[in-house]
Amino acid sequence: MTDTPRLPEGYEISTDPARIDAARVHGWLSTDAYWALGRSREKQDRAIGGSLNFGVYESASREQVAYARVVTDRATFAWLCDVYVDPSVRGKGVGTALVAAVREELRACGPKRVMLATHDAHGVYEKLGFRPLERPDHWMALVFE
């Protein structure tokens, strides 16, 4: 397995749901994330409430600077989604360290695989062990328009 990248000094990761800045996360995703543009605050709050959430925070200000959400039963299934890093801290390794922390948290839970979908961040995830599906023809989706 690949090395576990560390957060830059001055940042910390937490899975404490009380620390999530839901308004900030909604703002990021609904206005700047291609997969969630226009998502309502109510829908985002429900997603947060039903998921394992990861936040990255600046240690001094305690301000949230990144977010990731995992839909999981914490035993057999995990879907990594809504990974977002504030533009002000991109390029510092925050996103890579965040996904590595998600990977390690999930590894301890025991699912056989962690799924995700990305349009433009394959390189980030490949560094952490993610690979294209070997048999994509085995997978199906039910899409509600």
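Arg62 is exposed in this predicted model, with a relative accessible area of 53%. Its spot is the loop that runs between β2 (52-58) and β3 (64-72). Arg62 is not a glycine, yet its phi is positive, at about 65 degrees. Asp82 also has a positive phi without being a glycine, in this case near 50 degrees. The setting for Asp82 is strand β4, and here the residue is buried, with just 3% relative accessible area.

A further aspartate, Asp86, turns up in the loop between β4 and α3. Although it sits in a loop, Asp86 counts as buried, at a relative accessible area of 13%, because the cut-off for that label is under 20%. From its C-alpha atom to that of Ala18 the separation is 20 Å, and the two residues are 68 apart along the chain.

On to the aromatic side chains, where the count comes to three pairs. One of them joins Trp28 and Tyr84: the ring centres are 5.2 Å apart and the planes are at 25 degrees, so this pair is stacked. Where do Trp28 and Tyr84 lie? Trp28 belongs to helix α1 (residues 22-32) and Tyr84 to strand β4 (residues 78-85), so the contact ties together parts that are 56 residues apart in sequence. Neither partner shows much surface: Trp28 is buried at 7% relative accessibility, and Tyr84 is buried at 5%. Another of the pairs is made by Tyr125 and Phe130, with ring centres 5.7 Å apart. Their planes are at 80 degrees, so this pair is edge-to-face. Tyr125 and Phe130 are both buried as well.

Arginines also come up against aromatic rings. The charged end of Arg90 sits over the ring of Tyr84, 5.1 Å from the ring centre; this is the Tyr84 that stacks with Trp28. In a separate contact, Arg19 places its charged end over the ring of Tyr57, at 4.0 Å from the centre.

Some of these aromatics reappear around the pockets. The largest pocket holds about 920 Å³ of space and has 29 lining residues. Those nearest its centre are Arg113, Val114, Met115, Phe130 and Arg131, so Phe130, the partner of Tyr125 in the edge-to-face pair, is one of the residues in that central group. Two elements, α3 (94-109) and α4 (122-126), give two or more residues to this lining. Of the elements, α3 supplies the largest share, with five residues. Sorted by class, the lining of the largest pocket comes out as 16 nonpolar, five polar and eight charged residues.

The second largest pocket has about 680 Å³ of space. Which residues that line it are the closest to its centre? Out of 29 lining residues, they are Trp35, Val83, Tyr84, Ala121 and Tyr125. Tyr84 thus has a place here besides its stacking with Trp28 and its contact with Arg90. Elements that give two or more residues to this lining are β4, α3 and α4. The most comes from β4, which gives seven residues. By class, the lining of the second largest pocket divides into 17 nonpolar, five polar and seven charged residues.

That leaves the cysteines. How many disulfides does the model have? The count comes to zero. A disulfide is a covalent bond between the sulfur atoms of two cysteines, and the distances here explain why none is counted for Cys81 and Cys109. The sulfur of Cys81 has its closest cysteine sulfur in Cys109, 15 Å away, which is too far for a bond when the cut-off is 2.5 Å. Seen from the other end, Cys109 likewise finds its closest cysteine sulfur in Cys81, at 15 Å. As for their surroundings, Cys81 is buried, with a relative accessible area of 13%, whereas Cys109 is partly exposed, at 26%.

Technical notes. Residues numbered from 1 in each chain as written. Predicted model: local features only at pLDDT ≥ 70, side-chain atom pairs only at ≥ 80, totals over all residues. Heavy atoms only, no water. Phe/Tyr/Trp six-rings, centres within 6.5 Å; stacked < 30°, edge-to-face > 60°. Helix = DSSP H or I, 4+ residues; strand = E, 2+ residues; numbered from the N terminus. Buried < 20%, exposed > 50% of the residue type's maximum accessible area, 1.4 Å probe, protein only. Lys NZ or Arg CZ within 6 Å of the ring centre and 35° of its normal. 1 Å grid on protein atoms, 1.4 Å probe; cavity = no way out; pocket = protein on both sides within 12 Å on 5 of 7 lines; lining within 4 Å. Points joined across faces, edges and corners; volume = space filled by probe spheres on them. Nonpolar A, V, L, I, M, F, W, Y, C, P; charged D, E, K, R; others polar.
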